[in-house]
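Trainee: Could you take a close look at one part of this structure for me, the aromatic pairs? I would like to know which rings pair and how they are placed.

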Amino acid sequence: MQSKKVTKYDLVDGIRQETGYEKRVVQDVFESALEQLKFALKDGATIELRGFGTFELRLRKERKKARNPKTGDNLSVPPHYIVAFRSGQELKKAVWNLSVEE
């Protein structure tokens, strides 16, 4: 399957076409939703979107031996959080039977 990139613009335009709302309104609501997701994650919350998936924070351990691939310099990486996504059952079922092209 060839990878197709869908941008925020594409999502906003799709919602606009489906709902008939003005593009500016859809864009404002979409941006607001993304900001709310970001604020919730910053506060340490787990975001559960039923049928779609779950966003959660995961702590990455400290690494004493790491290498900057650009410069080759050795460095250490302190412990830090990353955002992880686990897909929900409905999303898993929706993509399960996609055709595999080789």
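Mentor: Happy to; here is a walk through the aromatic pairs. This is a predicted model, in which local features need pLDDT of at least 70 and side-chain atom pairs count only at pLDDT 80 or more, while totals for chains, interfaces and linings use all residues. Residues are numbered from 1 along each chain as its sequence is written, and side-chain values use heavy atoms, with hydrogens and water left out.

Searching the whole structure gives two aromatic pairs. Rings of Phe, Tyr and Trp (its six-membered ring) pair if their centres lie within 6.5 Å; planes under 30 degrees apart count as stacked, over 60 as edge-to-face and the rest as tilted. Phe52 and Phe85 are tilted, because their planes meet at 50° with the centres 5.5 Å apart. This pair links distant parts of the chain, 33 residues apart: Phe52 sits in the loop between β1 (47-49) and β2 (53-60), and Phe85 in strand β5 (residues 80-87). Strands (E, at least two residues) are DSSP runs, numbered from the N terminus.

The rings of Phe55 and Phe85 have centres 4.9 Å apart and planes at 50°, so this pair is tilted. Phe55 belongs to strand β2 and Phe85 to strand β5, so parts 30 residues apart in sequence are tied together.

Phe52, Phe55 and Phe85 thus make up one aromatic cluster. Phe52 is partly exposed at 40% relative accessible area, Phe85 is partly exposed at 37%, and Phe55 is partly exposed at 21%. Partly exposed lies between buried (under 20% relative accessible area) and exposed (over 50%), using a 1.4 Å probe and protein chains only.

Key. Helix = DSSP H or I, 4+ residues; strand = E, 2+ residues; numbered from the N terminus.
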